[in-house]
Amino acid sequence: MTAVTPRLWVASCHFDHQATADIDTAVELLRAGKTVVVPTLDDARDVLSRCGAPEEVVDYRISRAKSRIARNVSD
Amino acid sequence: MIGGTLSVTKDSTFGDLAEGESRKIMELKGRLHLKEVDALWGAGPRIGYLAIFGRPVKYQGRDVAEFGTALVSSVPFPYRNDQRDVDFKQATSELNVPLVDLDPRRLEASQYGLRRAALLHYLKDTYDITGQLFDRGRNESNDWPVVFEDSVSQRLIILQGHHRSTAALIGGRFVRARLIQGKFKELTAR
């Protein structure tokens, strides 16, 4: 259960959320104010890029999420 | 209110004021001076931003016709304790606690001021989606707002994320933060 950003999570999430594997749907849900869960960090990367996040921000948030997963620390 | 450079030009960041809004802003400013945090809840970006940073520069009769804005202003939350008062040796680490949603109306500050540019960044509503921070320095302890809960009084003190918490307050929503629990140092608990 890993948060990439406040409303974009990977694998699972303990807040009210909507899960989807479709990138377009994830982007739409985020813009509608929902918390969204996608299956993988690669999906999260695609979603963030589509939401207009600068590349260095995407790289940073993904690397932080990866680090927490590697340390087995749940969000 | 802390000091700061007053911009003498009209601030139309969020568009022109609608009728009655300048009175609402001045009323909010009065309530914020008394640290009535609830007053900002759901105020919206235009009203909330000007209630904190707005300074009247032109009047029409008794109403403010135009606001300029200061670069810095007082944080809207009550401020009684700062980070030096927290016994970090006995507190949980923010790196190992889950995220929780906190009501910003319950929060207190651990610093005096807010920066206009930082609040504007978080009012744009992209931080919750992209995680893009105003502060460009990369520091894991700033990745998320961090709030300290004193186990004796249950008071909630913002340690990191005053601007994000203020943006959440203005937007009428909870702030997603790491909650660390512990106690104040004995001699400084108030």
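Q: How many disulfides turn up over all chains?
A: Zero, from a search of the whole structure, counting a disulfide as a pair of cysteine sulfur atoms within 2.5 Å. Bear in mind that this is a predicted model, where local features need pLDDT of at least 70, side-chain atom pairs count only at pLDDT 80 or more, and totals for chains, interfaces and linings use all residues.

Q: Why no bond for A:Cys13?
A: Because the closest cysteine sulfur, in A:Cys51, is 16 Å from the sulfur of A:Cys13, too far for a bond.

Q: Are those two buried or exposed?
A: A:Cys13 is buried at 9% relative accessible area, and A:Cys51 counts as buried too, at 16%. The cut-offs are under 20% relative accessible area for buried, over 50% for exposed and partly exposed in between, with a 1.4 Å probe and protein chains only.

Q: Switching to the chain contact, how many residues does it take from each chain?
A: It takes 26 residues from chain A and 22 from chain B, contact being heavy atoms within 4.5 Å.

Q: And what area is buried there?
A: About 2,100 Å², with carbon and sulfur atoms giving 50% of it. That is the accessible area (1.4 Å probe) that two parts lose on being put together, summed over both.

Q: Which residues in chain B lose the most area?
A: B:Ile129, B:Arg138 and B:Arg176, which together make up 31% of what the chain B side buries.

Q: What does A:Phe15 touch?
A: Leaving out residues up to four places away in sequence, A:Phe15 touches A:Trp9 plus B:Leu99, B:Val100, B:Asp101 and B:Arg176.

Q: Where does A:Phe15 lie?
A: In the chain A loop between strand 2 (8-10) and strand 3 (18-19). Strands (E, at least two residues) and helices (H or I, at least four) are DSSP runs, numbered from the N terminus. A:Phe15 is buried, at 11% relative accessible area.

Q: How many cavities of 30 Å³ or more?
A: One. A cavity here is a set of points on a 1 Å grid over the protein atoms alone where a 1.4 Å probe fits but cannot get out, and lining residues have an atom within 4 Å of a point.

Q: How much space lies in the largest cavity?
A: About 130 Å³, taking volume as the space filled by probe spheres set on the points, with grid points joined across faces, edges and corners.

Q: Which residues lie nearest its centre?
A: A:Arg68, B:Glu140, B:Asp143, B:Trp144 and B:Arg178, out of 14 lining residues. Helix 3 of chain A gives the most to that lining, with four residues.

Q: How are residues and chains numbered or lettered?
A: Residues run from 1 along each chain as its sequence is written, and chains are lettered from A in the order in which they are written.

How values were computed:
Side-chain values use heavy atoms; hydrogens and water are left out. On a 1 Å grid over the protein atoms alone, a cavity is a set of points where a 1.4 Å probe fits but cannot get out, and a pocket is an open set with protein on both sides within 12 Å along at least five of seven lines; lining residues have an atom within 4 Å of a point.
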